[in-house]
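Okay, thanks for coming, everyone. I'd like to walk you through a structure that's new to most of you, so let's put it up on the screen.

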Amino acid sequence: MKVSVLDDYFDTIRTLDCFAKLRGHDVTIWNDHIQDVEKLAERLKDTEALVLIRERTQIRTPLLERLPRLKLISQRSVFPHIDIDTCTRLGIVVSSSQHADTPSYATAELTWGLVLSSARMIPQQVASLKAGNWQFGVGSTVRGKTLGIYGYGRIGAVVAGYARARGPAMAKARADGYDTAASKAVFFEQCDVISLHMRLVDATRGIVKAEDLARMKPTATLVNTSRAGLVEPGALVNALRAGRPGYAAVDVFEKEPLRDTGDPLLNMDNVVATPHIGYVSRDEYEIQFTDIFDQIVSYAAGTPTNVVNPDVLGHRRK
């Protein structure tokens, strides 16, 4: 099959052990990011199997209708960036492993790293030292503090486990014996660190509101390695300017990739920001792309797997 891989920024995919699974296929890897439909349609006009790296590129109807040879989209995890109904209508199979028993340990580790980086002001201290100013300020320790996990799923549970290892008073969640907040208001008022771990769907979009942030302590930190859309647009910047919470550590943004150096979150001393690297590690890539490439191999063998639009199977493109 003619396979195209989008958004492999650092040309990592071909260096993975699992890339050998595509031996015998005609693979093209694109290292840049574009969203322009005209350019994508030209780039992908001969593509039969399209590999996506999470939600980096939106695959919408205007593009899909201009890809007459596309038979398969292979990716991993959720798919709000793909017009599934259009794929079904056009006979395009969408295979996406939901990895039900496999949390993203890479994201959980980055979350914990951001907690510590924010508490100890690590990026600010590094920048201060490099600028010849020595120390930046006085940070905080996390031992004995209360961590709130908002969205206790696979990743949230792993993060809570890291917190438990730091001390029994550090974790607060709704399962596995952790304390339970009496209400959303109490949750935001009492926690020293709140970490968001939810999928972005209609029910969770904007679930963290300005009034929630205003309840946080001036010494508290909001950590978001999930999706920026979980927080009301503009609410976090306004809350940080108002001093509640006092700090934030974010890996996700309302518009990605974020290249606007004037974005407020990139210009606040009380914010630690990373460029959506939660799932970006070689180990995580090996796990993810093993699934993605296996889906291509299965499709080529005539037995599509992990199909999220099963209605397409009766009329899929040949």
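Let's start with a pair of helices. Helix α4, residues 105-120, packs against helix α5, residues 122-130, at an angle of about 55°, and their axes are 6 Å apart. That angle makes α4 oblique to α5. Who actually meets whom there? On the α4 side you have Leu-116, Ser-117 and Arg-120, and they meet Ile-122, Pro-123 and Gln-125 in α5. Sorted by class, this α4 and α5 contact has three nonpolar residues, two polar ones and one charged one. I should say right away that what you're looking at is a predicted model.

Okay, on to the sheet. Quick reminder: strands of a sheet pair through backbone hydrogen bonds, and they can do that parallel or antiparallel. Here we have an open sheet of five strands, in the order β2-β1-β3-β4-β5, and the pairing is parallel. So which strands stand at the edges? Those are β2 and β5, the latter covering 93-97, and each has a single partner strand, so one side of each is left without a neighbour in the sheet. On average, and ignoring direction, neighbouring strands of this sheet are turned by 20° against each other.

Let's go through some of the pairs. Strand β1, residues 2-5, pairs with strand β2, residues 26-29, over four bridges in the parallel sense. Look at Val-5: it stands opposite Ile-29 in β2. Val-5 also stands opposite Val-51 in β3. That second pairing, β1 with strand β3 at residues 49-51, is parallel too and has three bridges. Further along, strand β4, residues 72-76, runs parallel to β5, and five bridges join them. In that pair, Gln-75 stands opposite Ser-96 in β5. And there's a helix lying on this sheet: α10, residues 282-300, which touches β1, β3, β4 and β5. The direction of α10 makes about 155° with that of β4.

Next up, empty space. Rolling a probe the size of a water molecule over the atoms shows where empty space is left. How many cavities of 30 Å³ or more does the count come to? Just one cavity at that cut-off. The largest cavity holds about 30 Å³ of space. Its lining is made of Leu-6, Asp-7, Trp-30, Asp-32, His-33, Ile-34, Leu-40, Arg-43 and Thr-57. That lining divides into four nonpolar, two polar and three charged residues.

Let me pick one of those lining residues, His-33. Where does His-33 sit? In the loop between β2 and α1, with α1 at 37-43. Leaving out residues up to four places away in sequence, His-33 touches Asp-7, Tyr-9, Arg-56, Thr-57 and Pro-257. Take Tyr-9 from that set: His-33 and Tyr-9 are 24 residues apart in sequence, with 7.7 Å between them in space, C-alpha to C-alpha.

That leaves a few backbone oddities. Most residues other than glycine have a negative phi, and most peptide bonds are trans. Now have a look at Pro-257, which we just met touching His-33. The peptide bond from Glu-256 to Pro-257 is cis, with omega near -5°, and Pro-257 is in the loop between β10 and β11, the latter at 271-273. The bond from Arg-244 to Pro-245 is cis as well, with omega near 0°. You'll find Pro-245 in the loop between α9, at 235-242, and β10, at 247-250. Finally, Arg-54 isn't a glycine, yet it has a positive phi of about 50°. Arg-54 is in the loop between β3 and α2, with α2 at 61-64.

That's my tour, so over to you for questions.

Terms used. Residues numbered from 1 in each chain as written. Predicted model: local features only at pLDDT ≥ 70, side-chain atom pairs only at ≥ 80, totals over all residues. Heavy atoms only, no water. Axes fitted to C-alpha atoms, helices over the stretch in contact; angles between N-to-C directions. Helix = DSSP H or I, 4+ residues; strand = E, 2+ residues; numbered from the N terminus. Parallel < 35°, antiparallel > 145°, perpendicular 65-115°, else oblique. Contact = heavy atoms within 4.5 Å. Nonpolar A, V, L, I, M, F, W, Y, C, P; charged D, E, K, R; others polar. 1 Å grid on protein atoms, 1.4 Å probe; cavity = no way out; pocket = protein on both sides within 12 Å on 5 of 7 lines; lining within 4 Å. Points joined across faces, edges and corners; volume = space filled by probe spheres on them. Pairing = 2+ DSSP bridges.
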